[in-house]
Amino acid sequence: MTRRDLMKYIAAFFKTLFIVAFAASTMPAKGSDAFNLEEIAPGVFVHQGRIAEMSRANQGDIANIGFVVGEEAVAMVDSGGSVPVGEAALAALRQVTDKPVRYLINTHMHPDHVFGNQVFKEAGATVVGHRRLPAALGARADFYKTSIGNQIGPELAGAVDITLPDETVADEMRIDLGGRELVIKAWQTAHTDNDVTVFDPATKTLFAGDLVFMEHLPVIDGSITGWLDQTAELEAIPAERVVPGHGPVSAPWPEAIEPQTTYLETLAADLRAAIADGVPLADAVETAGQSESGKWQLFDFYNGRNATAAFAELEWE
Ligand SMILES: [Zn+2]
């Protein structure tokens, strides 16, 4: 490291500290801490959401969201679980750069990733998502606003103007931030039917959205077999680090996905055995995947739902 690099590094470090201090003063959240933001690779910033269900206290700030800064423009990846979270993210971004936010990429339809969309749309961003995102989010808009209103409160949910993508990705799309290109890839049904990943070749950083869960139990709202079938292709992405949708801001790739694969394989094997033995769904969901319970947060909240969804899918094999 040259002296110049060292000075740049030190400057970046203090800038990050400043962002955290600044955001702490602007984040309006009740009972929440500073709006954390970390530069995990040059020009790649990630905010870590809490590993929790959405609540009034956390204002829906439960997903990892971040952004990549190019020479001319910025791309945001996901917008947070409420308007205040999106606003806090944009305020933190503005402490890093004054370049325009040219894109907002939605990794999938879930409210904790898209309820801050309008903040970035109003800031001029083109919203990009999977070709199935408009239908998926559009169909669930009323349901999400009601159900999430029960979690974060009707005022916060009511402020959300469900914002659908302006451009969609059927297979792969490259976006240019000026001297820096990002690769958006649309996947077959896995976590949901509208998952995309965002790869930054410059730093070999993969934003996986909820195709990769760490610490937080994976949630199946798409297809357990589709998710497992595409894991090898995910692992083959030449990334050095991944930003999971839930968990730490960054982890080594592809090792980071291994615990999730073990969980999904275990759940599928347990359910296939139960189905083969004629065990009814109500009994199978009580036991399937239980050997994984100590390894994950929110296990009791999501495992039964995962087992129920996966049972219905595997029953038809
Ligand atoms: Zn999700």
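The exercises below work through the fold of one predicted chain, each with a stepwise solution.

The model is predicted, so that local features are given only at pLDDT of at least 70 and side-chain atom pairs only at pLDDT 80 or more, while totals for chains, interfaces and linings use all residues. Residues are numbered from 1 along each chain as its sequence is written.

**Exercise 1. State how many helices and strands the chain has, and what percentage of its residues count as buried.**

Step 1. Helices (H or I, at least four residues) and strands (E, at least two) are DSSP runs, numbered from the N terminus, and the chain has 11 helices and 13 strands.

Step 2. A residue is buried if 20 or more other C-beta atoms lie within 10 Å of its own, exposed if 12 or fewer, and partly exposed in between, with C-beta atoms placed from the backbone. Of the 317 residues of the chain, 47% count as buried.

Step 3. Two residues are in contact if their C-beta atoms, placed from the backbone, lie within 7 Å. Among contacts between residues at least 6 apart in sequence, 67% join residues at least 24 apart.

**Exercise 2. Trace the strand pairing on either side of β5, and give the handedness of the crossover that leads to β5.**

Step 1. Two strands pair if DSSP finds at least two bridges between them. Strand β4 (residues 74-77) pairs with β5 in the parallel sense over 4 bridges, and in this pairing Met 76 stands opposite Leu 104 of β5.

Step 2. From β4 the chain passes through helix α2 (residues 83-96) to β5, a β-α-β crossover that is right-handed; the term applies if, with the strands pointing away from the viewer, the path from the first strand over the helix to the second runs clockwise.

Step 3. Strand β6 (residues 126-130) is joined to β5 by 3 bridges, and these two strands run parallel; the bridge partner of Leu 104 in β6 is Val 127.

Step 4. Strand β5 (residues 101-105) is mostly covered, with 4 of its 5 residues buried.

**Exercise 3. Describe the sheet that contains β8 and β9, and follow the bridge partners of Lys 185.**

Step 1. An open sheet is formed by 6 strands in the order β8-β9-β10-β11-β12-β13, with mixed pairing. Its edge strands are β8 and β13 (251-252), each of which pairs on one side only.

Step 2. Strands β8 (residues 172-176) and β9 (residues 181-186) run antiparallel and are joined by 5 bridges. They form a hairpin with 4 residues between them, and Gly 178 in the turn has a positive phi of about 85°.

Step 3. Strand β10 (residues 196-200) runs antiparallel to β9 and is joined to β9 by 4 bridges. Lys 185 of β9 is the bridge partner of Glu 172, and the bridge partner of Lys 185 in β10 is Thr 197.

**Exercise 4. Locate Ala 75 and place this residue within the largest nonpolar core.**

Step 1. Ala 75 lies in strand β4 and counts as buried because there are 26 C-beta neighbours inside 10 Å.

Step 2. Not counting residues up to four places away in sequence, Ala 75 touches several residues, among them Phe 67, Tyr 103, Ile 105 and Ile 175. Ala 75 and Ile 175 are 100 residues apart in sequence and 8.8 Å apart in space, C-alpha to C-alpha.

Step 3. A nonpolar core is a set of buried Ala, Val, Leu, Ile, Met, Phe, Trp, Tyr and Cys residues joined through C-beta atoms within 7 Å. The largest such core has 86 residues, and those with the most contacts inside it include Phe 67, Val 74, Ala 75 and Met 76. The largest share of this core, 7 residues, comes from α2.

**Exercise 5. Explain why the buried residues of α11 lie on the same side of the helix, and state what they pack against.**

Step 1. Helix α11 (residues 299-314) has 16 residues and reaches 21 Å from its first C-alpha to its last, close to the 22 Å expected at 1.5 Å a residue; the expected span is 1.5 Å times one less than the number of residues.

Step 2. In α11, the buried residues are Asn 303, Asn 306, Ala 307, Ala 310 and Phe 311. They lie on the same side of α11 because they cover an arc of only 130° around the axis, the arc being that of the directions from the helix axis to the C-beta atoms.

Step 3. The buried residues of α11 pack against α7 (224-229), α9 (258-276) and α10 (281-287).
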